[in-house]
Amino acid sequence: MPVVDVDPEELRRLTGHGEKDDDELRDDLFALGLEFEGETEDGEFQLEFAPDRLDRLSVEGIARSLRYQYGDVRGVHVPDTNGAEWTIEVEESVPEERPCVTGAVVRGLDLDEGTLESLIQLQEKLHATMGRKRAKGAIGIHDLTMLKGQSTADDAGKSITYRGIDPEGDRFVPLDADADMTPAGVLDEHPTGETYADLVAEYERYPAIYDEIGLFSFPPVINGRRTEVSTDSRDLFVELTGTDQWTIDKMCTIICYALSARGGTIEEVEVAYPDREMVRPDFEVREKEVRHDRIETTLGVDLDPETVVDLAERAGLDADIVGIGEDDVGYEVGIPPYRTDVLHPVDVVDDVGRAYGFNDLVPRYPDVSTIGSRTEASRREEAARTRLVGLGFEDLLNFHLVDEAQNYERLGLPDPARDYDGVDDADLPLPLRERGTADPGDVVGYADAPTIEEPYSEDFTIVRTWALPSVLMVLENNTHWAYPQDLAEVGFAAGVDESLPTKVAERRTVAGAVARTDASYEDAKGRLQALCRTFDAELATPPTEHPTFVDGRTAAVEIDGERVGVVGEVHPSVLVEHDLEVPVAAFEFDLDAL
């Protein structure tokens, strides 16, 4: 989950509620769904929140939500905009992999250090979430006074140009550099260029933005030093490029709202594609229709229509009472431009419920004649967790989504969906270089993974096929803690199975790892034997091979005569890949076998 650092003093100033102490602020933030994770050395709140509310990635967005919660503002607010003076001319040479651009001008800002830090944090958090680490959308913010606009065709304004250029084309001085470089030189020699080189390395032409003076932005990699923003900047030019127009338009809107909260005046920008023109930022208020009975049924409370309208406005929405059919009542609900999360009427119901106060909802038994209880599978899982804790393991709860490299290659397994012909060994993780890319056969973890069609992050692109990668990832993140570290997880895994109606075979799996200076195969097997005895299950461990484990120190897990998993000592190349300096013995098997 994204974590945002927020200065509580700044929150009090932006909300106009200086009387709120830190404890009251934390309670108010929790009511919004923002989890308090601690404080920085400077006393800033560290807030974790669900990634659907991207408008709260900045102190300005959080303050806006608090003002609605306090009742200081109501309904949808759309900032006033001035007419366009600037145009972004898009040439046909723009790389087809990154064809979209948008932007806005913001004037009259008073940027102190805190405001500038907040803007930079918002920019980077949007990159990491909605922008998918700049792959889908990247933001460039420039000091407008340092731009020299080219004259437009009708001499009525100024323009900059978005085009594609040769990698060894025009030179510019990038941020945090003193010498001019070509775009290719930035990717080879500049630290930021090296970080984001993969985003454009395969392009025949690189994306670039020019004014009359020359190249000043190399998206999505780095801006030029000439237009660097500082506390002396008063007018800003915001440009965004990406693969999807909707995404970068919404990112732009969120930035504009944040800067408007700082006193900035938003000025439109014309975007002139070869085949169409548009005016941005896009502050369109979308509408959703929701039925009154759906609100009452979902929340479990009786509300009159006027109360629903009041609650919607307190949630930052607009709502008009309308008739639906002959007898039903519903609402036309206006959605503010910065809300990217409202996709369905139930999202509106959620906002109404939060404005009502979830803590004020009275629990009630459902109108059914049965009483809920644990299933047999659930009881088995709980018993397995309890026994693992009794054996000295720390119980883990990890994400079910991972990326391909973490699930396969970093553990020595080839990715079944990847063609390795022509791939340089130097581009592969160490375990795969040492173990090879050949099909390992029917081994634990090697299966086609269900793929997320439009992943929200590059770190979560598939459903994991086994849990051991997640356990090793925790060990990798815990290298600063003392050993021994004994970790276990009873969790979800899945694989593609075309024979099933859902095309996905789901299962619960048990994974454990023993990390210590003297960890051995016997340590892992001993814990496994103790677990099986708890369930009166017969365990056998015939020798086997697995790319993740050391040859000769690996066995199959057979429970009651059925082969269901693997146990062994983790291969040194896998340990090195995960920065582990102690031996690790591990096991994984299907929970249903117990």
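This tour goes from one selection to the next and says what is found at each stop.

Before you start, keep in mind that the structure on your screen is a predicted model.

**First stop: the largest nonpolar core**

Begin by selecting L11, L126 and F237, which touch the most other members of the largest nonpolar core, a set of 64 residues. Then add helix α7, which gives the most to this core, with nine residues. Apart from this core lies another one, of 30 residues, and to find it you can select Y408, L487, A511 and A513, which are among its members.

Now return to F237 and show its surroundings: leaving aside neighbours within four places in sequence, F237 is in contact with a list of residues that includes W86, I88, A104, V105, H142, L147, I160 and V269.

**Second stop: T247 in helix α7**

Next, select residues 245-261, which form helix α7, and look for T247 within this helix. Is T247 buried or exposed? Its relative accessibility is 2%, and because buried means under 20%, T247 counts as buried. If you display side chains here, you can see that the side chain of T247 makes a polar contact with the side chain of D244, at 2.7 Å. When residues up to four places away in sequence are not counted, T247 touches M130 and K136.

**Third stop: the cysteines**

Select C256 and C252 together, and ask how far the sulfur of C252 is from C256. The sulfur of C252 is the nearest cysteine sulfur to C256, yet it is 4.1 Å away, and because a disulfide needs two sulfur atoms within 2.5 Å, C256 is in no disulfide. The count for the model comes to zero disulfides. C256 has 0% relative accessibility and so counts as buried, and if you move on to C532, you will find that this cysteine, at 1%, counts as buried too.

**Last stop: helix α10**

Finally, select residues 345-356, which make up helix α10; this helix has 12 residues and reaches 17 Å from its first C-alpha to its last, close to the 16 Å expected at 1.5 Å a residue. Which residues of α10 are buried? They are P345, V348, V349, D351, V352, G353 and A355. To see what covers these buried residues, add β15 (286-291), α8 (292-299), α9 (305-314) and β17 (328-335), which are included in that cover. End the tour just after α10, at G357, which takes a positive phi of about 110°.

Note on methods:
Residues are numbered from 1 along each chain as its sequence is written. This is a predicted model: local features need pLDDT of at least 70, side-chain atom pairs count only at pLDDT 80 or more; totals for chains, interfaces and linings use all residues. Side-chain values use heavy atoms; hydrogens and water are left out. Buried means under 20% relative accessible area, exposed over 50%, partly exposed in between (1.4 Å probe, protein chains only). Helices (H or I, at least four residues) and strands (E, at least two) are DSSP runs, numbered from the N terminus. A polar contact is a pair of N or O atoms within 3.5 Å; within protein, one must be able to donate a hydrogen and the other to accept it, and residues adjacent in sequence count only if both atoms are side-chain atoms. Contact means heavy atoms within 4.5 Å. A nonpolar core is a set of buried Ala, Val, Leu, Ile, Met, Phe, Trp, Tyr and Cys residues joined through side-chain atoms within 4.5 Å. The expected span of a helix is 1.5 Å times one less than its number of residues.
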